Each structure stands twice: as C-alpha cells, then as structure tokens.
Amino acid sequence: METRDDEGRDDDSGAEDGHGADGRGADGHDHDGRGADGDGEADRPGDDGDGDRRGEDGLDGFEERTAPYRRELLTHCYRMLGSVHEAEDLVQETMLRAWLAFDRYDATRASLRTWLYRIATNTCLTALRGRARRPLPSGLVGALEDPGAPMTLGAEVPWLEPFPDRGTAGLALGAGAASAAGDPAGVVVAQGSLRLALIAAMQLLPPRQRAVLILRDALAWPATEVAEALGTSTASVNSALQRARARLGEAGLTEDEVTEPPDHGQRAVIDRYLRAFEDADLDALRTLLTEDVVLEMPPVLNWYVGPDAYVAFIARVFAMRGTDWRLRPTSANGQPALAAYVRTPGDDRHRLHTLQVFTADHGAVSHTVVFQLPTVFSAFELPEVWEK
C-alpha cells in the first residue's frame, strides 16, 4: 500500500542548483555535522584543541548549552517521523553530529538553536530515505460498515504514534509565516502543528516537502533560511511549500481538527465520556458523538464512521472484555486522552488495555484513535496495572 517517494526528482529536491539533501547548505556550511567548514570531515574529540569548543568547555559544556533545545528537537523530529521512539533516536544522532562539528560552529552565521534544527532536519531526511510512511488505518483502507466484522491486524505496518504532552507547552511556536500569508492550510499547520490529524496528513507528503512545511509554517523560518538549511534554492522551497499545502488541503483537514490545546468545554465532554464508558452506558456515549464521528484502532485495520457503528463496536468490546473499566485522563498531541484499564472476569486487577486520543468539537467527540501499541504505552510511561 506504500507509494514510492519521488520527491528527489521533483523541483524542490535541490538537484537544479547543485545541492543535495546531505545537509550541506548553499554557503558550504555543513548543517548535519559531517564537517562544519564544508570539507566533509568533522574533527573528532582529541584532535587539535586550539580554539576547539569541545576542548574549552568539554562535553559537559556542550550538553549544558544544548540541553534547553532537546525537547523541542524531539518535537521537531516527531513531526518529521510520526514516531516518538524514532524521534528520540534521531535527537541522539543530532546531538552526536553537533558534538563532532561543534568546534566549527559559527555563532555569527546562525544561532545555536537554528544550527541544531538544521542538523536535526537533515538527520531526519536521511533516516526517511526508503522508509515506509506511518499511517493511521483510515489512511490505508476503507471504513467498515459491520462493527462485528473480524478484527484484522496490520502487524507489519509501521503505525503512526501519538506524542506525550509532558513538557511540550509552547513548542508549537506560534502562527508564524503561514498566518501572515493567509493560506488556509498554512494557518491550520500554525495553529496545531502537533495535532494527530495533521501529523497523519503530513505522512502523505514526501520527506522534503514535509521538512519545508514544518520549517516554514510550524517554525516560521524565512524561505531563504530553509533553502540554506536544505541546500536548495528559495524558489524550490516556495514550490515545495505550495505543493505541501495543496496536499494538506486535499486531505480535508479542518481547523476543528487542529485547534489549540483543549479548553474547558472539550475537557467537560471527555469527562462525560469517561463516566459513560466506566458505567457502560451506551446511550450516554451515543449522545457525546458527532454524526460523522470516526473510530480507529491501530494496529487493527478495522475503522468505523458514524455513531451507530461506533456505539455498536463499543458494545462488542464490552461483550468481549466485560464492563469493569477504569479510565485515567491524560493528553497527547495537545488533545485530551484517556488511558483505559479493564478487569476481565477471573482477574483481580485492572490491566492496561488502550490509550484513547480524542478530537472534541463543539461539545461532542468527532474522532477517537484507540492505540493498542506497546511502543505507545512505553512512550507515555503507562503502568501495566491500574494504580489509584
């Protein structure tokens, strides 16, 4: 089901101006840490320490200066990859490359933050070469009408993962260039650059379009700075941004799906949902759903549209697992979420079952993504057994 990424032959690939996606900027300043002076060789620790920041400050000095940026770099890599665990690995790779090139970092040419983002972006682009995109079930197969249909696992699919909200306040970094430009798709990106629906839609974009969209619309970088970071031309950046926004528009994203973090009204809806679910009150659940509500459950391929199918499937879950549930509020991607624990007949404990992430619009739930992935449980540090 995976489509081939032909972005490397498109007009934003950098091929027309002699630059590739290896992190070498148009000015010869290597942005991915493979040689900050453009000669392709980064000094290693222990080389001539004359003027070497690693020699002056040591590893502790480097870590102290870069530590404030680690969380936002993790967010950036997550936007690119759609996986928390892969993002963590790429932040480590970014820091290694930065450490190896730190003696040649020139603060007069770029801030430390900008320099690290350049390295991180190109590290992500390298990692994405030949790698399958991370979808949700709704991005792979059509919706089912029968809530009783056999459950089909997509065991081989690298599924999109949610992002834990702890420590992410302020990381969307404002409206930026998109709002100024007045582009509807760009405004959506600027308003909710971590929202799950947007991260899923961005999986439709080739990696370099994805990078341009994030740098321009989520981080509000000027086109010239994006071009330098990616080793391409400003015209190519503008072309890639236009096509990326068009693809997002085709994906049918609405501003309701990517609004700012939950307000009191949204939280009240999820509180009522929690109580109805724990009470196994299907009628009450039905009143909390929009008429076009979507329910999907990676790694299960089955997904459903509409309150009738939604409630019928929840009824099936209650019949299979029982009705003794405990739900703990949390949040993911700036959206309300619930960690669900169930005590099955014959067990004396409630055990972790799923993480449910909600989009709640105008007093009702419009989209629920129920994650059953061990990697997600680990990223959210959810205990296996219910703890009061």
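This passage describes the sheet, the helix packing, the backbone features and the cavities of a predicted model. Residues are numbered from 1 along each chain as its sequence is written, and side-chain values use heavy atoms, with hydrogens and water left out. Local features need pLDDT of at least 70, side-chain atom pairs count only at pLDDT 80 or more, and totals for chains, interfaces and linings use all residues.

Helices (H or I, at least four residues) and strands (E, at least two) are DSSP runs, numbered from the N terminus. An open sheet holds 6 strands in the order β2-β1-β6-β5-β4-β3. Its pairing is mixed. Two strands pair if DSSP finds at least two bridges between them. β2 (300–305) and β3 (325–332) are the edge strands, each pairing on one side only. From one strand to the next, the twist averages 20°. Axes here are lines fitted to C-alpha atoms, for helices over the stretch in contact, and angles run from 0 to 180 degrees between N-to-C directions.

β3 pairs with β4 (residues 335–342) in the antiparallel sense, over 8 bridges. Arg326 stands opposite Tyr341 in β4. Ser331 has Pro336 in β4 as its bridge partner. The two strands β3 and β4 form a hairpin with 2 residues between them. Asn333 lies in the loop between β3 and β4. Its phi is near 55°, a positive value in a residue other than glycine. A second backbone feature is a cis peptide bond joining Pro298 and Pro299, with omega about 15°. Pro299 is found in the loop between β1 and β2.

Helices pack on the sheet. Helix α11 (residues 264–278) lies across β1 (289–297), β3, β4, β5 and β6. It runs at about 160° to β3. Helix α13 (residues 307–321) touches β1, β2, β3, β4, β5 and β6. The direction of α13 makes about 45° with that of β1. Contact means heavy atoms within 4.5 Å.

Two other helices pack on each other. Helix α8 (residues 207–218) and helix α10 (residues 234–250) meet at an angle of about 95°, with their axes 8 Å apart. α8 and α10 are therefore roughly perpendicular to each other (angles under 35 degrees count as roughly parallel, over 145 as roughly antiparallel, 65 to 115 as roughly perpendicular and the rest as oblique). In α8, the contact includes Gln209, Val212 and Leu213. In α10, Val237, Ala240 and Leu241 are among the residues met. The contact residues divide into 7 nonpolar, 1 polar and 5 charged. Ala, Val, Leu, Ile, Met, Phe, Trp, Tyr, Cys and Pro count as nonpolar, Asp, Glu, Lys and Arg as charged, and the others, Gly among them, as polar.

The whole structure was searched for cavities, and 2 of 30 Å³ or more were found. A cavity is a set of points on a 1 Å grid over the protein atoms alone where a 1.4 Å probe fits but cannot get out; lining residues have an atom within 4 Å of a point. Grid points are joined across faces, edges and corners, and a volume is the space filled by probe spheres set on the points. The largest cavity has a volume of about 50 Å³. Its lining includes Leu136, Gln335, Phe358 and His367. α7 (196–202), β5 (351–361) and β6 (364–371) each supply at least two lining residues. The largest share, 3 residues, comes from β5. This lining holds 6 nonpolar, 3 polar and no charged residues.

The second largest cavity encloses about 40 Å³. Among its lining residues are Leu81, Glu86, Arg131 and Arg210. Here the lining divides into 3 nonpolar, 1 polar and 5 charged residues.

Terms used
1 Å grid on protein atoms, 1.4 Å probe; cavity = no way out; pocket = protein on both sides within 12 Å on 5 of 7 lines; lining within 4 Å.
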